[in-house]
Amino acid sequence: PFDSHVSKTGPGFAGKVLSVLPAGANLRLEVRLNDGTVYETQHAHDSEASSLRVGDAVFVLPSKAYVFD
């Protein structure tokens, strides 16, 4: 979750913010990608992600990807 960038402009996978939750020193975002996948990310409170709200259209750009079945 820390290896991702979320912004209102691309590049990345398009989706919508489902939730914005404070998690201690971090901010946790849940994003539903356009293909239905729910993606979780964590960011510092002072990052660009802190301006995002539920329902915002965003792009998620992972720098590392892990797949768990």
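The paragraphs below walk through this structure, from its sheet to its core and a few single residues.

Please keep in mind that this is a predicted model, in which local features need pLDDT of at least 70 and side-chain atom pairs count only at pLDDT 80 or more, while totals for chains, interfaces and linings use all residues. Residues are numbered from 1 along each chain as its sequence is written, and side-chain values use heavy atoms, with hydrogens and water left out.

Let us begin with confidence. The predictor's confidence in each residue is given as pLDDT, from 0 to 100. Its mean over the chain is 88, and 96% of the residues reach 70 or more. Confidence is lowest in E1, with a mean of 88, and highest in strand E3 (residues 26-33), with 94.

Now for the sheet. Five strands form an open sheet in the order E1-E5-E2-E3-E4, and their pairing is antiparallel. At the edges lie strand E1 (4-7) and strand E4 (38-44), each of which pairs on one side only. From one strand to the next, the twist averages 40°; axes here are lines fitted to C-alpha atoms, for helices over the stretch in contact, with angles from 0 to 180 degrees between N-to-C directions. Strands are DSSP runs (E, at least two residues; helices are H or I, at least four), numbered from the N terminus, and two strands pair if DSSP finds at least two bridges between them.

Follow the pairings across the sheet. E1 is joined to strand E5 (residues 57-62) by four antiparallel bridges. Here His5 has Leu61 as its bridge partner, and Ser7 stands opposite Phe59. E5 also pairs with E2, again in the antiparallel sense and over four bridges, with Gly15 opposite Val58. Farther along, seven bridges join the antiparallel strands E3 and E4, among them the one between Leu29 and Thr41. The hairpin of E3 and E4 has four residues between the strands, and Gly36 takes a positive phi near 100° there.

What makes up the largest nonpolar core? It has nine residues: Val6, Val17, Leu29, Val31, Leu33, Ala49, Leu52, Val58 and Val60. E3 and E5 each supply at least two of them, and E3 gives the most, with three. Such a core is a set of buried Ala, Val, Leu, Ile, Met, Phe, Trp, Tyr and Cys residues joined through side-chain atoms within 4.5 Å. In soluble globular proteins, nonpolar side chains tend to be buried together.

Val58 is a good place to look around in this core. Leaving aside neighbours within four places in sequence, Val58 is in contact (heavy atoms within 4.5 Å) with residues including Val6, Val17, Val31 and Leu52. Ala57, in strand E5, touches Lys8, Gly15 and Lys16 on the same sequence exclusion of up to four places. Ala57 and Thr9 are 48 residues apart in sequence, yet 8.8 Å apart in space, C-alpha to C-alpha.

Finally, turn to Ser19 in strand E2 (residues 13-23). Is Ser19 buried or exposed? Ser19 counts as buried because its relative accessibility is 13%; the cut-offs are under 20% relative accessible area for buried, over 50% for exposed and partly exposed in between (1.4 Å probe, protein chains only). The side chains of Ser19 and Glu30 are joined by a polar contact of 3.0 Å. That term means a pair of N or O atoms within 3.5 Å; within protein, one must be able to donate a hydrogen and the other to accept it, and residues adjacent in sequence count only if both atoms are side-chain atoms.
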